[in-house]
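Thanks, everyone. Let's get straight to the model on the screen.

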Amino acid sequence: MPRASVSVIAGLLALYLFYHIFQTYRGLRDIPGPFWAKFTNLQRIYWVRTMRAHEIHQKAHEKYGDCVRFGPHMVSISDPAVIPILYPMRTGFPKSKFYRAFIPYTKGGSLPAVFTTQDEQLHKQLKIPIAPLYSLSNVVTFESFVDEVLQVLCHQLDKRFVESQATFDLGNWLQYFAFDLMGTMTFSKRYGLLETGTDINGMLGAIWEFMLTIAPMTQIPWLDKLWYKSPLTTLLKKQIASPILKIVSDSINERQHETKDTVESQKGNSTSNRDFLSYFLETQATNSSIPSWSVKAWTFSNVIAGSDSTAVVMRTVMYNLLAHQDSFNRVYEELINAEKMTGLTRPFPKWSEVKDLPYLDACVNEAIRLHPPFCLPLERVVPKGGVEICGRRFTEGTVIGMNPYVANRHRPTFGEDADLWNPERWLGKDVAHRRKLEGSIMTFGAGRRICMGKYVALLEIKKIVPALLLNYEIQLLDARSYSVENSYFFRQTGIDVKIKRRLMAA
Ligand code: HEM
C-alpha cells in the first residue's frame with residue numbers, strides 16, 4: 001500500500017479515536033470525580049481488584065460529594081435521599097449489564113435468575129409465582145429447619161471446642177451454619193459442612209473464586225461477554241459457576257427421582273417442614289407459562305444469594321458483640337430479663353420470643369448497616385426521558401448506582417459516628433425518624449428489586465444470636481485479627497474465639 005494511503009488511514013483512525021475520547025469525556029463532564037474516570041472503566045476494575053473498593057468509593061465521595069463520576073458513563077450516588085428515585089417500586093429503571101456477569105454460562109447456555117436478570121418482563125415472570133414463599137408469615141414456617149441446624153451446630157461446637165478449649169474462627173462456623181441451613185431450607189439437605197468442619201465439597205471456595213473472577217468483570221461487562229460468556233470460550237475454558245450449578249442440578253434431579261410418596265407428603269404439609277424445592281416444583285407443575293428452567297433458577301438464587309450474605313451479617317453481629325462488651329452485656333441481660341418476664345424456649349428461643357427485643361433488634365440493624373454483604377454500587381440504567389438526581393438531569397442510558405457500604409455510612413443521614421458500631425442510634429427514636437433511618441439502609445437493596453430473602457435472613461440471624469449467647473461463654477482472643485475483603489461479596493476473617501458451655505440460668 002502506498003505510504004500516503006497508510007498515512008491517511010492512520011490519520012483518520014487517530015481522528016476517530018480523539019473524537020471517541022472527547023465524546024466519552026463530554027457526556028458527564030460536569031460531574032466531579034477521579035481524572036481517569038472521565039475516559040475509562042479500567043480504574044474501576046483496579047479498585048475492585050484491590051479488595052478495598054468500598055473504602056475507595058467512600059473516600060471518593062468524601063472528596064467529591066454525593067454525586068461522583070466513577071466511569072465514562074457511570075455515576076455513583078451516596079445520599080440515601082435518592083433511593084426512591086433510583087430504585088422505584090415500578091418498572092422502568094432496569095439493572096445494568098453489571099449483573100450479566102453473574103449469570104452462569106455453561107455449554108447449555110446461560111441461566112438468568114431473579115437476582116441477575118436485566119429483562120424486567122422475565123423478572124416479573126420469575127418473581128411473582130414464588131414471592132409469597134418469602135413473606136414473613138411463610139418464612140416463619142421454616143423455623144423448625146433453623147432449630148434442626150442449630151442443634152447440629154451446637155453439637156459440633158461442644159464436641160470440637162468446649163472440652164478441648166481449642167481456638168477456632170467463629171466466622172467459619174457461622175458460614176457453615178448459613179450454608180447448611182440454606183441447603184436444609186431449600187432441599188432438605190445439609191452439605192455436610194457442619195459435620196465435617198471443612199469446605200467438604202469445595203463449594204465455599206468455588207463461590208469465592210467465582211466472586212474473585214467475576215467482580216472485576218462487572219465493571220467492564222463487554223469483556224466478561226467476550227472472555228467468559230461466548231460459545232467459543234465455553235468450549236475452551238472451564239466455566240466458573242459449574243460446581244454450584246452441579247450441586248443445584250443434582251439436588252433437583254434427586255428430588256425428581258424420589259418416590260411419589262415423599263413428594264406428596266411434602267405437598268400435604270403446608271405449615272412446616274416443607275422446603276423451598278417442594279414449593280418450586282409444585283409452582284412450576286401448576287403454571288404452564290413458567291419457563292422450564294425456573295426451578296433451577298430459583299434454587300440457584302437461594303444458594304448463591306442467600307447463604308454467604310446471611311453469614312456476613314451473622315459474623316458482623318457476633319464480632320461486634322464480642323468486641324464491644326457493653327453491647328454484649330446489654331443483649332445478654334435483655335434475653336435473661338425476657339426469660340424471667342415471659343419465658344424463653346431453651347436451648348433455642350423461638351422467633352416469636354425474640355423478634356421484638358429492642359436491643360437485639362438494634363444490634364442486628366446496626367450490623368446490617370455497618371457491613372453490607374454486597375459492596376459495589378447496585379447499578380441501574382436511566383430510562384427514556386432521563387431523570388433528575390442531585391439537581392442534575394441525566395440522559396437515557398447513563399448508569400447510576402449506590403454502593404450500600406457508602407450509603408449506609410452517609411454522615412448527614414446517620415451522624416458523624418456513621419463509621420462506628422453504635423446500636424444506640426436505633427433506640428429512642430420516634431417512629432418517623434426510625435422509619436427514615438431504616439429506609440436509608442441499602443443493605444437489602446431497595447424498590448422493585450429489593451432482596452426477596454430479607455425475612456429468611458432476619459429469621460436466621462435473630463435465632464442464632466440468642467442461641468449462641470445463651471448457651472456459650474465466648475471469648476474473642478484479639479479484636480485486631482478481624483479483617484475484611486471485598487470482591488462484591490464482602491467477607492470477614494479472624495473472629496478467633498474460645499468457648500465454654502454456659503450453665504442454664506436458674
Ligand atoms: C443478610 C442477608 C442478605 C442480604 C444482605 C441480601 C442482599 C440483597 C441485595 C442487596 C439484593 C438486591 C441486589 C440489587 O439490587 O442489585 C438482593 C436480592 C435478592 N436476594 Fe438477597 N440478601 C440476603 C439474603 C437473602 C436470602 C436468605 C435469600 C433467599 C432465601 C435472598 C434472595 C434474594 C433474591 C432472590 C434477590 C433478587 C430479588 C429481585 O431481583 O427481585 N437474599 N439481596
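I'll go through the metal site, the cavities and a few backbone oddities.

First, the ground rules. This is a predicted model, where local features need pLDDT of at least 70, side-chain atom pairs count only at pLDDT 80 or more, and totals for chains, interfaces and linings use all residues. Residues are numbered from 1 along each chain as its sequence is written, and side-chain values use heavy atoms, with hydrogens and water left out.

Now the iron. Which protein atom is its donor? It is SG of Cys451, 2.3 Å from the iron atom of the ligand, and the protein gives no other donor. Donors here are N, O and S atoms within 2.8 Å of the metal (3.2 Å for Na, K and Ca); water is not among the atoms, so sites may look incomplete. Cys451 sits in the loop between helix H23 (431-439) and helix H24 (454-471). Helices (H or I, at least four residues) and strands (E, at least two) are DSSP runs, numbered from the N terminus.

Next, cavities. A cavity is a set of points, on a 1 Å grid over the protein atoms alone, where a 1.4 Å probe fits but cannot get out; lining residues have an atom within 4 Å of a point. Grid points are joined across faces, edges and corners, and a volume is the space filled by probe spheres set on the points. There are 4 cavities of 30 Å³ or more.

The largest holds about 630 Å³. Its lining has 36 residues, and Cys451 is among those nearest the centre, along with Phe115, Ala305, Met452 and Gly453. Helix H16 (294-306) is one of the elements giving two or more residues to that lining. In fact H16 gives the most, 5 residues.

The second largest cavity has about 150 Å³. Its lining counts 13 residues, with Phe102, Phe115, Thr116, Met211 and Ile304 nearest the centre. H16 again supplies the largest share, 4 residues.

Last, the backbone. Most residues other than glycine have a negative phi, and most peptide bonds are trans. Arg346 and Pro347 are joined by a cis peptide bond, omega about 0°. Met51 has a positive phi of about 65°. Is Met51 buried or exposed? Buried, at 18% relative accessible area. Ser188 also has a positive phi, near 55°, and is partly exposed at 35%. Buried means under 20% relative accessible area, exposed over 50%, partly exposed in between (1.4 Å probe, protein chains only).

Note on methods. On a 1 Å grid over the protein atoms alone, a cavity is a set of points where a 1.4 Å probe fits but cannot get out, and a pocket is an open set with protein on both sides within 12 Å along at least five of seven lines; lining residues have an atom within 4 Å of a point.
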